[in-house]
Amino acid sequence: MREDKRLSAELWEEFRSLVTGEVFLHAEMARHTTMQTGGAAACLFYPQHTTDIKQALAFCARHRQRYFVLGNGSNLLFLDSGYSGLVIATSQLRGLQFEKDGLTAWAGETINSLLDAANTFGYHELNFLAGIPGTVGGAVVMNAGIPQASISDVVSEVAVLDRSGRVRVLSQSDCSFSYRHSRIRDDGLIVIWVRFNLTNKQRYDRRLLLAQRAIKQPLTYPSAGCVFVNPVGFSAGELIEKANLKGFTVGKATVSTKHANFILNLGGAKSTDILKVIDITQKKVYKKFKIKLKLEIEIVGD
Ligand SMILES: Cc1cc2nc3c(=O)[nH]c(=O)nc-3n(C[C@H](O)[C@H](O)[C@H](O)COP(=O)(O)OP(=O)(O)OC[C@H]3O[C@@H](n4cnc5c(N)ncnc54)[C@H](O)[C@@H]3O)c2cc1C
């Protein structure tokens, strides 16, 4: 074993002895992202509660290690070279609680289980999120949504941990939500729970939205959803299609012929294949329309 790998393994073994949640060394991130590509993280950790995360933040600060917060990995591209820091996976931070006119959900709940619970209690206004394969935390950080609505429309409070391990409760306006963006990521905050306002003023049909999604989106191959944000006044997918890039392929990564803003992993793609498709797409769209496509997905790695 190389010296730096041995030191890294010793470090994360020490970390394992300090926390309650499960710890995995050298975790292949292709198994933890919907794109199913990318190398290994030095350490993957499943905190069981807020104290566990505080321990992790303190450990990283003490040992000058980087950390990254993982929801369901549905908006990410991990580099093939991997990630030398700690990945804090929120998927075991679960819990849902109904209150008068509201619902509190822990960050690791899936959007699907959130909608199941809300619908069981007769609330249909969160249904516009149907089919988004993320967690509550990831959806709030990304301000996930569809053209008609975004999660920020229904968020009332977000409890976060800051880098120093302090819990703060942010109001909706504190989060500075905008299209597929919030200040939570910019400030390096970790979402712990989210409170939603439920009034049933707006109702969405979950089944209909899922059916429409299946018609428009290529859901049979691994992907990270829309790769680029829509430039103001344009559809990224339409620009890519008009640049004749549907079906453009590098290795096992291809621009979907169904929805041009999706890059699909045809099986065994490398993140470098996807990065090449991204690069050429950006260049061709710029050449034709003088518009720079910006990434919606996040690239993570060393
Ligand atoms: C098939 C498909 C369809 C999709 N359709 C849509 C759509 O219609 N609309 C849409 O908006 N998106 C869509 N997406 C993209 C993606 O599902 C959303 O962005 C989702 O909200 C990401 O949630 P996640 O839990 O997977 O987050 P991840 O991908 O794991 O992380 C995304 C970002 O959030 C951060 N993060 C995650 N959890 C936390 C937390 N608890 N605290 C702090 N930071 C956190 C991560 O560090 C990262 O910066 C789609 C993706 C796929 C694969």
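Biologist: How far apart do the C-alpha centres of domain 1 and domain 3 lie?

Modeller: They lie 28 Å apart in this predicted model. Domain 1 covers residues 3–89, and domain 3 covers 218–300. Domain 2 takes 96–197.

Biologist: What makes up the contact between domain 1 and domain 3?

Modeller: There are 14 residues from domain 1 and 15 residues from domain 3. A contact here needs C-beta atoms within 7 Å. Strand 4, residues 76–78, gives the most on the domain 1 side, with 3 residues. That side divides into 7 nonpolar, 6 polar and 1 charged.

Biologist: Why are strand 13 and strand 14 called paired?

Modeller: Pairing needs at least two bridges, and strand 13 and strand 14 have 2, so they count as a pair. The sense is antiparallel. V250 stands opposite A253 in strand 14.

Biologist: Why are strand 13 and strand 15 at the edges of their sheet?

Modeller: The order is 13-14-15, in an open sheet. Strand 13 (249–250) and strand 15 (263–265) each have a single partner strand, so one side of each has no neighbour in the sheet.

Biologist: What makes helix 8 a helix that packs on the sheet?

Modeller: Helix 8, residues 271–289, touches strand 13, strand 14 and strand 15. Its direction makes about 30° with that of strand 14.

Biologist: Now the sheet of 5 strands. What makes strand 6 and strand 11 its edge strands?

Modeller: The order is 6-7-12-10-11, with antiparallel pairing. Strand 6 (96–99) and strand 11 (167–171) each pair on one side only, so they fit the description of edge strands. Neighbouring strands in this sheet are turned by 15° against each other on average, direction ignored.

Biologist: How do you know that strand 6 and strand 7 are a pair?

Modeller: Count the bridges. The cut-off is at least two. Strand 6 and strand 7 (residues 102–106) are joined by 4 bridges and run antiparallel. F98 stands opposite L103 in strand 7.

Biologist: How do you know that strand 10 pairs with strand 12 and with strand 11?

Modeller: Set both counts against at least two bridges. Strand 10 and strand 12 have 6 bridges, in the antiparallel sense. Strand 10 and strand 11 have 5, and also run antiparallel. L161 has I190 of strand 12 as a bridge partner. V160 has R168 of strand 11.

Biologist: Which residue in the hairpin of strand 10 and strand 11 takes a positive phi?

Modeller: G165, with phi near 90°. The hairpin has 5 residues between the strands.

Biologist: How do you know that the span of helix 2 agrees with its 13 residues?

Modeller: At 1.5 Å a residue, the 13 residues of helix 2 should span 18 Å; the end C-alpha atoms are 18 Å apart, so the two values agree. Helix 2 (residues 50–62) lies across strand 10, strand 11 and strand 12, at about 50° to strand 10. Just after helix 2, R64 takes a positive phi of about 50°.

Biologist: What makes up the shell around the ligand?

Modeller: The shell holds 34 residues. The cut-off is a C-beta atom within 6 Å of the ligand. The closest are G71, G134, G137, G138 and G225. Helix 4 (136–142) is among the elements that supply at least two residues, and the largest share, 5 residues, comes from helix 4.

Biologist: How many residues of the shell are nonpolar, polar and charged?

Modeller: The shell divides into 17 nonpolar, 15 polar and 2 charged. Gly counts as polar.

Terms used: Residues numbered from 1 in each chain as written. Predicted model: local features only at pLDDT ≥ 70, side-chain atom pairs only at ≥ 80, totals over all residues. Domains from an automatic or database assignment. Contact = placed C-beta atoms within 7 Å. Axes fitted to C-alpha atoms, helices over the stretch in contact; angles between N-to-C directions. Expected span 1.5 Å × (residues − 1).
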